[in-house]
Amino acid sequence: MDSNASLRRIPSVDQLLTSASAGAAVERFGRPAVTEALRATVADLRNEVREGRNVPAPENIMAAALARLDADDQSTLRPLFNLTGTVLHTNLGRALLAQAAIEAATAAMREAVALEFDLESGKRGERDDHLRTLICELTGAEDATIVNNNAAAVLLVLNSLASGKEAIVSRGELIEIGGAFRMPDIMARAGARLVEVGTTNRTHARDYHDAIGPDTGLILKVHTSNYRIEGFTKEVGARELAGIARGKGVPLVNDLGSGTLTDLTRFGLAHEPTVREAIKEGAGIVTFSGDKLLGGPQAGFIVGRKTLVETINKNPMKRALRVDKIRLAALIATLQLYRDPDRLSERLPTLRLLTRSQADIDAQAQRLAPVVERALKGAFRVSVIACESQIGSGALPLSTIPSAGLSLTPIESSGRVLAELAAALRRLPMPVIGRVERGSLVLDLRCLEDEAGFVANFAGVHPLFKGGSDDEPS
Ligand SMILES: *Cc1c(COP(=O)(O)O)cnc(C)c1O
């Protein structure tokens with residue numbers, strides 16, 4: 001049959017729209033989307049028929065259009081299994097919220113809330129009022145305010161306390177956090193003049209003394225969260241620095257980065273400076289994130305002396321950086337969990353995952369190894385391995401936590417097969433993200449809590465996997 005005759009046999013979009021399955025699709029996706037999907041499917045088909053493809057039955061054309069609608073309907077912001085071994089993975093959304101926080105956020109989404117309304121007096125209230133008492137109780141600070149994230153907190157503090165003035169920082173602490181967050185750039189945008197003191201590896205008290213002058217707005221101490229300088233080093237501790245700052249009448253701002261509200265050594269983890277310690281050491285202001293070790297939603301905390309927090313709150317920029325009612329509700333519920341330290345590691349997912357024992361994870365790996373190997377139809381050897389998890393988000397960068405996982409190694413070794421496997425796992429209904437390590441794909445199981453969900457989801461891997469068979473993904 002010549003291709004013109006074939007082309008005439010392709011049903012029109014209008015004809016296709018009259019079918020029962022098109023009717024059902026219109027119910028689900030709306031008429032404009034279905035019409036557009038049919039138009040695009042028919043246009044593709046015409047090209048294929050010109051190249052010799054036979055005209056498929058109308059129901060198959062409709063099925064292709066439906067597949068297109070389904071694909072377009074999926075959000076790219078998909079829930080996934082984080083099996084990277086990094087518990088607080090910035091690219092995967094950091095902390096998972098506690099059940100209480102999810103419920104509080106959901107209620108705040110659904111209902112009107114007393115966000116800036118004082119229920120006692122019936123008068124206008126302040127957004128920060130809901131959290132102030134709780135944060136102050138947990139950190140020992142006099143006052144507190146909350147903004148969009150810790151980067152915003154640092155920006156707002158610098159702009160409020162050191163705009164047009166100098167901000168003194170050790171050269172060993174001029175860090176880049178990742179992305180575009182570089183301390184010198186933030187400083188410039190905040191309108192503060194950066195005064196670097198000391199050297200990369202050594203900064204002394206006299207360096208700070210010598211730098212403080214009439215134009216000094218503040219001294220900034222930055223927790224070098226994502227790297228360590230080792231060897232011939234010297235830094236001035238926060239307590240000593242607070243003394244120097246107080247003597248000269250300038251505030252010390254301590255950017256803790258992750259920070260934590262609880263002593264992690266209680267849970268068998270390495271020590272990370274707590275906010276309470278930083279306040280006790282004499283910082284005027286301490287800043288830290290909501291979605292790192294604290295285990296809440298994205299937010300930036302600014303806590304410290306009342307007069308300084310008041311100055312910060314008067315900055316018009318505060319309004320541009322504030323948090324909404326949903327996150328505020330989740331934050332309050334998260335912080336309330338800290339009032340009961342004995343049950344914190346059970347209720348706060350971040351801590352629950354960080355404290356899972358290697359034996360527990362290893363037992364899970366033993367259960368899952370045969371399941372995963374079977375799903376991969378013999379194309380991979382699946383072995384249980386010991387591995388090391390990380391906290392992530394710059395907290396304790398050098399200390400790892402003993403964990404266990406699965407190592408998926410191609411039977412016929414080839415880097416391409418491994419990349420295809422990783423891609424197939426990303427295409428699962430709930431994508432599975434691991435890490436490639438020395439010729440294997442490693443799935444660190446520390447963050448796997450929904451084991452049954454993982455098994456059901458993983459069963460779908462084979463049809464998606466091109467490397468192990470000739471099947472094309474449908
Ligand atoms: C992570 C981090 C920040 C930025 O915090 P976000 O919550 O990601 O905005 C700032 N300073 C330090 C030291 C950090 O570790």
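1. K377 is a convenient place to enter this predicted model, and the residue counts as exposed, with a relative accessibility of 57%. K377 belongs to the loop between α18 and β11, and its phi is near 50°, a positive value in a residue other than glycine. A second case of this kind is R94, which has a positive phi of about 55° although it is not a glycine. R94 sits in the loop between β1 (81–82) and α6 (99–110); its relative accessible area is 19%, and because buried means under 20%, R94 counts as buried.

2. The loop that holds K377 leads from α18 to β11, and β11 belongs to an open sheet of four strands, which follow the order β11-β12-β15-β14 with antiparallel pairing. At the edges of this sheet are β11 (380–389) and β14 (435–437), each of which pairs on one side only. On average, and with direction ignored, neighbouring strands here are turned by 35° against each other. Between the edges, strand β12 (residues 401–410) pairs with strand β15 (residues 440–444) in the antiparallel sense over four bridges, and S407 stands opposite V442 in β15.

3. Which strands does helix α18 touch where it packs on this sheet? Helix α18 (residues 358–375) touches β11 and β12, and its direction makes about 15° with that of β12. Helix α19 (residues 415–426), for its part, lies across β11, β12, β14 and β15, and runs at about 35° to β15.

4. The model also holds an open sheet of seven strands, in the order β2-β10-β9-β8-β7-β3-β6, and here the pairing is mixed. Its edge strands are β2 and β6 (193–197), each pairing on one side only, while neighbouring strands are turned by 25° against each other on average, direction ignored. Helix α7 (residues 129–139) packs on the sheet and touches β2 and β10, with a direction that makes about 120° with that of β2. Helix α11 (residues 238–248) packs on the sheet as well, touching β7 (216–222) and β8 (252–257), and the direction of α11 makes about 155° with that of β8.

5. Is the edge strand β2 enclosed or open to its surroundings? Five of the five residues of β2 (residues 143–147) are buried, so the strand is largely enclosed by the rest of the structure. In a regular strand, side chains alternate between the two faces of the sheet. In β2, D143, T145 and V147 point one way, whereas A144 and I146 point the other way, and all of them are buried. Five bridges join β2 to β10, and the two run antiparallel; within this pairing the bridge partner of A144 is V303, and I146 stands opposite F301 in β10.

6. F301 also takes part in one of the contacts between rings, of which the structure holds three aromatic pairs. The ring centres of F288 and F301 are 4.8 Å apart and their planes lie at 5°, so this pair is stacked. Because F288 lies in strand β9 (residues 285–289) and F301 in strand β10 (residues 300–304), the pair ties together parts that are 13 residues apart in sequence. Both residues are buried: F288 has a relative accessibility of 1%, and F301 one of 0%.

7. Other contacts that involve rings deserve a brief mention. Ring pairs link F81, F454 and F458 into a cluster, and R202 lies over the face of F232, at 3.8 Å from the ring centre.

8. Which residues have the most contacts inside the largest nonpolar core? This core has 58 residues, and those with the most contacts inside it are L131, I219, V286, F288, F301, V303 and L335. Helix α15 (residues 325–337) supplies the largest share of the core, five residues. For I219, leaving aside its neighbours within four places in sequence, the contacts are I168, Y208, I212, L241, A245, V250, P251, L252 and V253. Apart from this core lies another, of 30 residues, among them I361, V382, L406 and L448.

How values were computed
Residues numbered from 1 in each chain as written. Predicted model: local features only at pLDDT ≥ 70, side-chain atom pairs only at ≥ 80, totals over all residues. Heavy atoms only, no water. Pairing = 2+ DSSP bridges. Axes fitted to C-alpha atoms, helices over the stretch in contact; angles between N-to-C directions. Contact = heavy atoms within 4.5 Å. Phe/Tyr/Trp six-rings, centres within 6.5 Å; stacked < 30°, edge-to-face > 60°. Buried < 20%, exposed > 50% of the residue type's maximum accessible area, 1.4 Å probe, protein only. Lys NZ or Arg CZ within 6 Å of the ring centre and 35° of its normal. Core = buried A, V, L, I, M, F, W, Y, C linked by side-chain atoms within 4.5 Å.
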